Amino acid sequence: MPVLLICAPDPLADELHQTLLWRDGIERYVAGRFEDALTTAVATRPHLVVVDRELPRALRLIQDLRRDPPTRSASIVILTRGAFELDEVAFLEAGANAILRLPVGPEWEERLGRLLTVPPRRRVRLTV
């Protein structure tokens with residue numbers, strides 16, 4: 001069963017209920033604070049972490065998730081509103097797999113479906 005962690009200062013159920021994230025068979029956890037998000041992520045080892053850009057220390061959360069072995073393999077999606085802003089590139093550089101804009105659009109199903117099945121990240125060192 002896929003495990004999902006939603007990290008947002010405000011509930012996103014109204015926005016996300018029409019996506020595959022609210023289908024039966026997905027185990028969902030919600031964290032409204034940075035500390036709760038880290039603790040829940042380590043405890044549940046989610047397949048997908050959805051981070052609202054408005055969450056305080058959202059960038060730090062992504063960095064910490066990528067550093068920690070139990071959460072390193074999770075796919076990470078940033079939710080944002082409005083037009084593209086240049087500072088969003090920092091989220092991708094920190095390890096986010098995708099940025100999705102609210103309100104939910106028709107492309108969400110395909111993108112979220114792919115992110116739920118992304119193969120795990122592995123650290124590999126090869127001698128050159």
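Which residue lies over the face of Trp22? Arg28 does, at 4.6 Å from the ring centre. Keep in mind that this is a predicted model. And aromatic pairs? The count there comes to 0.

Okay, on to helix H2, residues 34–44. Its buried residues are Phe34, Ala37, Thr40, Ala41 and Thr44. Those five span an arc of only 130° around the axis, so they sit on the same side of H2. The general reason is that an α-helix has 3.6 residues a turn, so residues three or four places apart point the same way. What do the buried residues of H2 pack against? Strand E1, strand E2 and helix H3. Flip to the other side of H2 and you find Thr39 and Ala43 exposed. Right after the helix comes Arg45, with a positive phi near 50°.

Now, charges. Searching the whole structure turns up 12 salt bridges. Among them is Asp36 with Arg33, closest N and O atoms 3.1 Å apart. Asp36 is partly exposed at 31% relative accessibility, and Arg33 is partly exposed too, at 47%.

Then there's Arg57 with Glu35, at 2.4 Å, N to O. Arg57 is in the loop between strand E3 and H3 while Glu35 is in H2, so this pair ties together parts 22 residues apart in sequence.

Last one: Arg53 and Asp87, with N and O at 2.6 Å. Arg53 sits in the loop between E3 and H3, Asp87 in the loop between strand E4 and helix H4, so the parts they tie together are 34 residues apart in sequence. Buried or partly exposed? Arg53 is buried at 16%, whereas Asp87 is partly exposed at 44%. Both belong to a salt-bridge network with Glu85, Glu88 and Arg101.

Definitions and conventions:
Residues numbered from 1 in each chain as written. Predicted model: local features only at pLDDT ≥ 70, side-chain atom pairs only at ≥ 80, totals over all residues. Heavy atoms only, no water. Phe/Tyr/Trp six-rings, centres within 6.5 Å; stacked < 30°, edge-to-face > 60°. Lys NZ or Arg CZ within 6 Å of the ring centre and 35° of its normal. Buried < 20%, exposed > 50% of the residue type's maximum accessible area, 1.4 Å probe, protein only. Helix = DSSP H or I, 4+ residues; strand = E, 2+ residues; numbered from the N terminus. Arc of directions from axis to C-beta. Contact = heavy atoms within 4.5 Å. Salt bridge = Lys/Arg side-chain N within 4 Å of Asp/Glu carboxyl O.
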